[in-house]
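Colleague: Could you pull up that model and walk me through a few corners of it?

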Amino acid sequence: MDLEEKREKRPPVTPMMIEEEAALRNGSRGLPPGSWAEAAGPRPRTTERHIAVHKRLVLGFAVSILALLAVTMIAVLLSVRFEECSAAADGPPRASGNGSLPGAARQPPGAGQPPGRPEQEEEEKEARGGEVVEEEEEEEWQRRRELPPWTRPRLPRHLRPLHYNLMLSAFMENFTFSGEVNVQLEVLNASRYIVLHAHRMHIEAVRVAEDKLAGGVRVDRSFFYPQTQVFVVVLNRSLEVQKSYNLKIIYNALIENELLGFFRSSYVLHGERRFLGVTQFSPTHARKAFPCFDEPIYKATFKISIRHQATYLSLSNMPVETSVFEEDGWVTDHFSQTPLMSTYYLAWAVCNFTYRETVTKSGVVVRLYARPDAIRRGSGDYALNITRRLIEFYEDYFKVPYSLPKLDLLAVPKHPYAAMENWGLSVFVEQRILLDPSISSISYLLDVTMVIVHELCHQWFGDLVTPVWWEDVWLKEGFAHYFEFVGTDYLYPGWNMEKQRFLTDVLHEVMLLDGLASSHPVSQEVQQATDIDRVFDWIAYKKGAALIRMLANFMGHSVFQMGLQDYLTIHKYGNAARNDLWNTLSKALKRVGKSVNIQQVMDQWTLQMGYPVITILGNETTDNVIVISQERFVYDIDAKPKDPALGDSSYLWQIPLTIAVGNTSHISSEAIIWVSNKSEHHRIPALEEASWLLGNINQTGYFRVNYDIRNWRLIINQLTRNHEVISVSNRAGLIDDAFNLARAGYLPQNIPLEIIRYFSEEKDFLPWHAASRALYPLDKLLDRAENYNIFNEYILRQVASMYLKLGWPTNNLNKSLVQASYQHEELRREVIMLACSFGNKHCHQQAATLISDWISSNRNRIPLNVRDIVYCTGVSLMDEDVWEFIWMKFHSTTAVSEKKILLEALTCSDDRNLLNRLLNLSLNSEVVLDQDAIDVIIHVARNPHGRDLAWKFFREKWKILNARYGEALFMNSKLVSGVTEFLNTEEELRELKNFIKSYEGGAAVSFSRAVETVEANVRWKKLYKEELFQWLRKSLTH
Ligand SMILES: [Zn+2]
């Protein structure tokens, strides 16, 4: 599963330009909280305001804005009407012609009403008649002093499903469906109860038989227990051990509008709205589509049939075996039986999409299904082509063939996640799979590619071998995230994703989060269904991936690969826990004569939160001996005493530390040292007077490294003299470590700033990217300070020369150059962003010229890769008319990605009235999509002129915001951290604490993280701000 992820704020252009896509982000999950280094929107700062814009033109545009607003209003009114019509059309489903499926056509009570929300649960229980737990049943268990099996968070273990026969009828005209499920059960322990998951459905009939033909077992009663989302069948006698029974349930339910379970969405084709139904079962929503044992461990085989109108087609995990047509225009598709699999990977869809097809060397049929206009335009061809190549890549890498006869990729207009790896039927939101090469930027292509690589990895890690329980979700997600980089390297060998981009996008990013005292271990215990969403966070994805990369590196990539092959072969079609993986990998190491207890090593990294900082000190008394010590890295050292566990000296890791020794022209080959104590002495042979030490070669380890000042100085000298002696990834690593060590107080503030002095010679993208991400939070700590200009001036000096060398891009990127120019274009973008944000005059003029050209010609000739920078710079520098112009363009554009960067540009204004106006408009769902409103508030908070406005707005509107986003955990925590992360005065800290005392609603974890972050900010300013400015003053006068 891929979370709705923004790799970086950039201006991708999406191929689909239809209005309801904009609604896609409604209810989808946003970035997880606290990503401090999320790429910066440029924040120009200048005194040269009011660069004139042609007033007359603007007048003309004002008229068009009015016209446009009028048209928009009418369109909105019309679409509201349309929704009303379709809702009103929710009559009872057609009752005729349902011959083959019993009970197929009953309207579930409550159909036509909005789907049940928690507050409606009570009503629902009543509406669904007599399906509440019967008190006497509970009393009996109380007498036995046991918890009734249906009240426990996990299903009781006495039954095991072997096979499901599931027959569905989908009524797309009123969004209901009916089903009959027959579950073949094996009895492990005798019991009168059958407890299985079922949620938000109406059950019509329940039968239990010893086998399908005879031997009925009488059902005493049955009831729902909504707290644990189960359905309980009480029998009049016990099911006998080792016998097999058949449980038949006939039910019906809504095809929901809420993007979970079996849900609906729509798109417009030739002016006509068309609907589709599709499923999202991960992690706990299969139970909304059919009664089932909805825990990953209950793998079973499934045989699915879907009956639908012949104007639609249906898809599921397996290919259609036969289709039976009826005279009245209905058809039933019978799909082949699946292999053993978990319920949450089951999927189906009912739609009228078309497809294109390709076949892999091993004969797997790959199809991409999408709306017919997209297929016709060829927007799915890129994805189809790389999918074929990637299946071949994974089959070769894992030495396990793809397990199903086909793989369908389904591009849907709405989905709660970027994509979901259902076995044989993976579902993608359109923006993460459709691509039109003529209008897509490189970064958009990269996003699409990585999402596909991720989901395909899951066909093995997840679908074929499934984690036993959700605490190990990081295993499958960590693997898929790590392989995004490995698989992309296979497709684009020159991009060096695994060696380079992994560092800034994964490692550096998650170390920010995991460096908080309030972090959590990557492996998290979880029981309740409602808590399971919580485990899908950036720690699971990114720390998981970083740990796997460290493991692959200390094992050696070929042994690691062999180990994975064994693991998949041993556990295919089954479940595995992390220890199964560790054992298999240890055995693989043993075979090549190495002995490392991988479980022992990895448990320290997966069960303890946080990560260590290693300090390497030269020993002044003994030559060639160094002292290596470890401690847990935290940003706020003061947070330690508050949490005794943090001060606990038992916080230790076994660290695979690689070390190299370098001198002016040469670096020794690395050696690996296992560090497992608080402090250790090690002998380093070739250590001479002028040589420096470098730890964590190529930053393959999940930890930071600090040195004595003398060694830092030697490294800085080396970078200035000849930086290429140190590898690109180590240059990026040194930069990220130095800035973060300084921020947490482990290192003097000037060291990171001295490191980037060699940047006039740095021609590689990665070190620039690392620096820009590390500078961003520092900038936010200083941007309201009196002496800010000194800092600004210093950064500009480091950027100026490379900015001059690289110049600006043109808009006609030759696509055949994508491979060659990727690094160069990314570098240029990064340098321009820094130049414009910190106020390089030429950069500002260039941005203003481009904006003026757009306004006067009404043709947007701004290069795709720098649009967001230009828009933001323009809004910040130029007068209110430009803001109005961008506002109008925001309304008129239909491309979702363009809309987003236009909206974000509006937050760059220096004008507090405009910022306030924008904040107030952001809560109007008809103007700003719910999901985007969060970004507006967060971006205003990043603007030094708007930080207090956003913070005030957030507190005043908390009730509304919490009601809107409260259930989407990700969004709420993104909002809380986004608004608070750059607060840094005592007053703001007090305000935050007071607010928390009085607030209502969820997000407690986010607020405790916010307090820790703001405390660390305040502390940093108190202790280090003056030190930094003093050094900057001195440095600028020399
Ligand atoms: Zn995933």
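What follows is a chat about the overall make-up, some sheets and hairpins, a helix pair and two single residues.

Colleague: Before we zoom in, what share of the contacts in the chain with a separation of 6 or more comes from residues 24 or more positions apart?

Modeller: Keep in mind that this is a predicted model. The chain has 1038 residues, and 64% of them count as buried. Its secondary structure comes to 31 helices and 30 strands. Among contacts with a separation of 6 or more, the share from residues 24 or more positions apart is 75%.

Colleague: Let's take the sheet with β3, β7 and β6. Which strands stand at its edges?

Modeller: The three strands form an open sheet in the order β3-β7-β6, with antiparallel pairing. At the edges, a strand has a single partner, so one side of it is left without a neighbour in the sheet; here that applies to β3 (191–197) and β6 (219–225).

Colleague: And by how many degrees are neighbouring strands of that sheet turned against each other on average?

Modeller: The order to picture is β3-β7-β6. Ignoring direction, the average turn between neighbours in this sheet is 20 degrees.

Colleague: Which residue of β7 is the bridge partner of S191?

Modeller: β3 and β7 (residues 230–239) run antiparallel and are joined by six bridges. In that pairing, S191 has as its bridge partner in β7 the residue L239.

Colleague: On the other side of β7, which turn residue of the β6–β7 hairpin has a positive phi?

Modeller: β6 and β7 are paired in the antiparallel sense over six bridges, and F223 sits opposite V232 in β7. The two strands form a hairpin with four residues between them. The turn residue with a positive phi, about 55 degrees, is Q229.

Colleague: There's another hairpin, β9 and β10. What is the phi of H270 in its turn?

Modeller: Nine bridges join β9 (residues 261–269) to β10 (residues 272–280), and the strands run antiparallel. Across that pairing, Y267 stands opposite R274 in β10. Two residues lie between the strands of the hairpin, and H270 in the turn has a positive phi of about 50 degrees.

Colleague: β10 also pairs with β15. Which residue of β15 is the bridge partner of G277?

Modeller: β10 and β15 (residues 348–351) pair in the antiparallel sense, over two bridges. G277 is matched in β15 with V350.

Colleague: Next, the sheet with β28, β24, β23 and β30. Why is one side of β28 and of β30 left without a neighbour in the sheet?

Modeller: This is an open sheet of four strands in the order β28-β24-β23-β30, and its pairing is mixed. β28 (679–683) and β30 (704–707) stand at the edges, so each has a single partner strand. On average, with direction ignored, neighbouring strands here are turned against each other by 25 degrees. As for the reason you asked about, β28 and β30 each lack a neighbour on one side because of their place at the edges.

Colleague: Inside that sheet, which residue of β24 stands opposite P612?

Modeller: β23 (residues 612–618) and β24 run antiparallel, joined by seven bridges. Opposite P612 in β24 stands R632.

Colleague: What about D636, buried or exposed?

Modeller: D636 lies in the loop between β24 (625–632) and α13 (639–642). Leaving out residues up to four places away in sequence, D636 touches E1012, E1015, A1016 and R1019. Its relative accessibility is 1%, and under 20% is the cut-off, so D636 counts as buried.

Colleague: Now the helices. Are α8 and α16 roughly parallel or roughly antiparallel?

Modeller: α8 (residues 497–514) and α16 (residues 728–743) pack with their axes 10 Å apart, at an angle of about 15 degrees. The crossing is right-handed. Residues in the contact include L503 and L512 of α8 and A732 and D736 of α16. Angles under 35 degrees count as roughly parallel, so α8 and α16 are roughly parallel.

Colleague: How many residues of each class make that contact?

Modeller: On the α8 side the contributors are K499, Q500, L503, H508 and L512, and on the α16 side V728, S729, A732, G733, D736 and N740. By class, that contact has four nonpolar, five polar and two charged residues.

Colleague: Last one: how far apart are the C-alpha atoms of I709 and L747?

Modeller: I709 is in helix α15 (residues 709–722) and, at a relative accessible area of 38%, is partly exposed. Beyond its neighbours within four places in sequence, I709 is in contact with L747, P748 and I751. I709 and L747 are 38 residues apart along the chain, and their C-alpha atoms are separated by 8.5 Å.

Notes
Residues are numbered from 1 along each chain as its sequence is written. This is a predicted model: local features need pLDDT of at least 70, side-chain atom pairs count only at pLDDT 80 or more; totals for chains, interfaces and linings use all residues. Side-chain values use heavy atoms; hydrogens and water are left out. Two strands pair if DSSP finds at least two bridges between them. Axes are lines fitted to C-alpha atoms, for helices over the stretch in contact, and angles run from 0 to 180 degrees between N-to-C directions. Angles under 35 degrees count as roughly parallel, over 145 as roughly antiparallel, 65 to 115 as roughly perpendicular and the rest as oblique. A crossing is left-handed if the near helix is turned anticlockwise from the far one by less than a right angle, and right-handed if clockwise. Contact means heavy atoms within 4.5 Å. Ala, Val, Leu, Ile, Met, Phe, Trp, Tyr, Cys and Pro count as nonpolar, Asp, Glu, Lys and Arg as charged, and the others, Gly among them, as polar. Buried means under 20% relative accessible area, exposed over 50%, partly exposed in between (1.4 Å probe, protein chains only).
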